[in-house]
Structures are given as structure tokens and as C-alpha cells.
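Thanks for asking me to look through this one with you. Please have the sequence and the coordinates open side by side as you read.

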Amino acid sequence: MERRPTIYDVAEAAGVAASTVSRAFARPGRVNAETAARIFEAAQKLGYRSGSLAGLVPTRTRSIALVVTDITNPFYADIIRGAHEAAGELGYTVLLSHTQEDAQLEREWTERELRAVEGVLLTSSRMSDQAIRMMAKQKPVIVLNRRLPEVPSILVDNARGMRRAVEHLAELGHESLTYVAGPESSWTDGVRWQALREAAYELDLKVKRVGPSNTPTVQAGFARAREISAQRATAVIAYNDVVAIGVLKGLLRLGLAVPEDVSVVGFDNTLLAEITEPELTTVAAPLHAMGATGVRNLVAMVGGAVPSREPIVMPMRLVARRSTGQRRRKRTSPALGTTNAPPSASAATSTESGSR
């Protein structure tokens, strides 16, 4: 009988170690794309077959991976719903992964899923650029909320959204802002901070920054309240809604009134923004549309479509609610040690103002 080729035969033909062949089959994201291609080509020529050899013959699993950093964050709820609905319409199943804001865990879980899916949708990924590019050479990949050359991406207009938030606070008479930062590894956080600084410079506002909040939760915002109070800023813009809600709760615990003493703005317009007291002014993102668009484009790539080199940019808009109001010239809060303030003239509304 003709001897079946082994992993050692593949290694010799490809000019690599047997361990590299094994790793290419089991964890393709950990092997250089050119090396992996050479290994798979050698295996195919030799007729080598393995149950773990996912990279040789494309299989139609009709599944895609959706990777989110924190499933407890309501920001992801609408993205997941949009992705799930679009996938169902196209006859695909979504495999959802929650990576706990951990870049290493995200990479390991996604690499394991590569063999079971036809494409990957990364949402606010914390992985390195190199790791994402390597995965994109193995299977179609689209990145949401992050711009990465050579990998298709879908973004929201963070710069315009932040500009609108800063303009809103300037119109209310605020002269100093504090930004509560998100995770250090967040591309979105860097874009928002840069946009805030530029807008504040143009509008002659003072800005300070607290953070980072590497786990951007209500607790993280709450923990920053005393630091914000010490800065004596009259307005706060937070990385996202849940951090903003934590800030709001922390300020109230310190005896500060929102918006009478400090105005608070969030980002994303999640469901929680409407049920806080006071309701949260926030910058709205089209989260459902992002998830749906990401899946539709990913399935198109699986089918052979060539993605655009330029990212898809979706609009953001300001939703003004009761957590922002007219700046008071004097403060009454015992936490700030002042007295004899005039009545607040709140400018908060329940209407939505466009940011286009």
C-alpha cells in the first residue's frame, strides 16, 4: 500500500519545522501568512489530510464570528442585534465571543474560531494591528470602531460627534471641560480625545483628562468623581454612557447637583441613557446599522467581493437631555465650598439635535 504522507513530509516540503506545520493547522493566526500558505500548498500537493487542517479546502459552515470586548456593556447590544438579524436574512449563524477587554484572550479565542467560521467581525478590538492583519490573511475580517490599513473597517464619525458635544457645552456657557478617558488600547478613545482637544482649542475652552478607565464601566466612572470635583470643571464628557452614568452617580454622592453644578455628557446613546436620573445627554451612534452593515459586507467578502480600501464612516448626532444645563457663575455645593448661587437656568431639552 502507498504510504500516507505525514506532517514530517509536509514540513520537509515546505522547508519548516514539524511544529510549525502543526501550529499552522491548529492555530493559523500564529503563523506568518506566507509561511502558512507555503505549508498548505505543500500539504495539498502531497495529499496530506488532517481533521485540524482548516486552511486547505474551504468549507461552507455558513457561520461568522462576532467578537465583542465586554458583553455586559449595553453599547454592544444593538450591534449584536443588528448583526444577528442581518446574518439570519443571509442564512448565516453568528458565533458570539466575549473577551473581557483582554487582548490576549481575544486573540486566543478568535484564533480557535477561525476553523469554524467563514469570516470574523471584530468589534472595538483590543488586539495589536499585527495580530489583526495576520487573521485577515487567513479569513475575511472586518473591524468595527477602529481604522486599520489593509483591513476593511466600519467607523462612526467620532470627530464630528465630539465636536458637537463640545459645541453644546460651549453654548451653555461652560469654559472648562474634563474628559474621562476609556481604555488605553482603545482606538476610539484616542480619536475622541484628539477631537475634544481640537474643538476646545478652537472654542477657547480649557480641558483636562482623567483616566484611563481600562475597564470602562459604571464603577470606573464612579471612582473618578472625586478627582473631577477637585478639578472644579463645570462639565464632563465621558468615554461612553456607562462611564458617564458612573460619573453622574459619583458626583451626586459627593453632594454635587447635575446639571446645576456639573453637566455630564456620554457617548453611544445606549438604553441606559434614558433611564438615569437625570436623563443623560449623549452622542448617538447608529449601532444597529453598524452590526448589520458589518455582517452584510463580511458575507459579501466571503463570496469573493473586494472590499473598499476606505472605511465606511457612519454619522453621529447629539441627543440633548437633562444632564446638561447652563453654567452657573457661582456654586452652592458643599463639596465645592461656595454659597449664594443664583437659580439655575437649565438649557436641557428632550429633543434630538442633528450633528450632520
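My notes follow as numbered points, going from overall features to individual residues.

1. First, a reminder that this is a predicted model. The mean pLDDT of the chain is 84, and 87% of the residues reach at least 70. Of the elements in the chain, strand E8 (residues 235-238) has the highest mean pLDDT, at 98, while strand E13 (residues 352-353) has the lowest, at 34.

2. Two stretches call for a careful eye. Residues 51-58 have a pLDDT below 50, and the model gives this stretch 14 contacts beyond near neighbours in sequence. Residues 332-356 also stay under 50, and here the model has 58 contacts beyond four places in sequence. I would read those contacts together with the pLDDT values.

3. On the overall make-up, the chain contains 13 helices and 13 strands. It has 356 residues, of which 51% are buried. If we take the contacts with a separation of 6 or more, 70% of them are between residues 24 or more positions apart.

4. Now to the interior. In soluble globular proteins, nonpolar side chains tend to be buried together. Here the largest nonpolar core is made of 45 residues, and Met162, Val166, Tyr179, Ile237 and Val295 are those with the most contacts inside it. Helix H13 (residues 287-302) contributes the most to this core, giving 7 residues. There is also a second, separate core of 19 residues, with Val236, Ala238, Ile245 and Leu251 among them.

5. Met162 is a good residue to centre your view on. Apart from neighbours within four places in sequence, Met162 is in contact with Tyr179, Arg192, Ala195, Leu196, Ile237 and Phe267. Two of these partners, Tyr179 and Ile237, are also listed with Met162 among the residues with the most contacts inside the largest core.

6. What does His168 touch once its neighbours within four places in sequence are left aside? The partners are Thr281, Leu318, Ala320 and Thr324. His168 itself sits in helix H7 (residues 158-171). Its relative accessible area is 7%, so His168 counts as buried.

7. Val299 lies in helix H13, the element that gives the most residues to the largest core. With a relative accessible area of 13%, Val299 falls under the 20% cut-off and is therefore buried. Leaving aside neighbours within four places in sequence, Val299 is in contact with Leu90 and Tyr92. Its C-alpha atom is separated by 8.4 Å from that of Ala87, although these two residues are 212 residues apart along the chain.

8. Helix H5 (residues 103-113) deserves a look for its buried residues, which are Leu105, Glu106, Thr110, Glu111 and Glu113. Note the three glutamates in that list: Glu106, Glu111 and Glu113. The cover over the buried residues of H5 includes strand E1 (63-68), strand E2 (93-98), strand E3 (119-123) and helix H6 (129-136).

9. How do H5 and H6 lie against each other, roughly parallel or roughly antiparallel? Their axes come within 12 Å and cross at roughly 5°. Angles under 35 degrees count as roughly parallel, so H5 and H6 are roughly parallel to each other. On the H5 side the meeting residues are Arg107, Thr110 and Glu111, and on the H6 side Ala131, Met134 and Met135. By type, the residues of this contact divide into 3 nonpolar, 1 polar and 2 charged.

10. Some backbone geometry is worth checking by eye. Most residues other than glycine have a negative phi, and most peptide bonds are trans. In this model, Gly211 and Pro212 are joined by a cis peptide bond with omega about 15°, and Pro212 is placed in the loop between strand E7 (206-210) and helix H9 (218-223). Another cis peptide bond joins Val258 and Pro259, with omega about 10°. Pro259 belongs to the loop between helix H11 (241-253) and strand E9 (263-268).

11. Lastly, please look at two residues with positive phi. Asp268, in strand E9, has a phi near 110°. At 5% relative accessibility, Asp268 is counted as buried. Asn269 has a phi near 60° and is found in the loop between E9 and helix H12 (272-275).

How values were computed: Residues numbered from 1 in each chain as written. Predicted model: local features only at pLDDT ≥ 70, side-chain atom pairs only at ≥ 80, totals over all residues. Heavy atoms only, no water. Core = buried A, V, L, I, M, F, W, Y, C linked by side-chain atoms within 4.5 Å. Buried < 20%, exposed > 50% of the residue type's maximum accessible area, 1.4 Å probe, protein only. Helix = DSSP H or I, 4+ residues; strand = E, 2+ residues; numbered from the N terminus. Contact = heavy atoms within 4.5 Å. pLDDT = per-residue confidence, 0-100. Axes fitted to C-alpha atoms, helices over the stretch in contact; angles between N-to-C directions. Parallel < 35°, antiparallel > 145°, perpendicular 65-115°, else oblique. Nonpolar A, V, L, I, M, F, W, Y, C, P; charged D, E, K, R; others polar.
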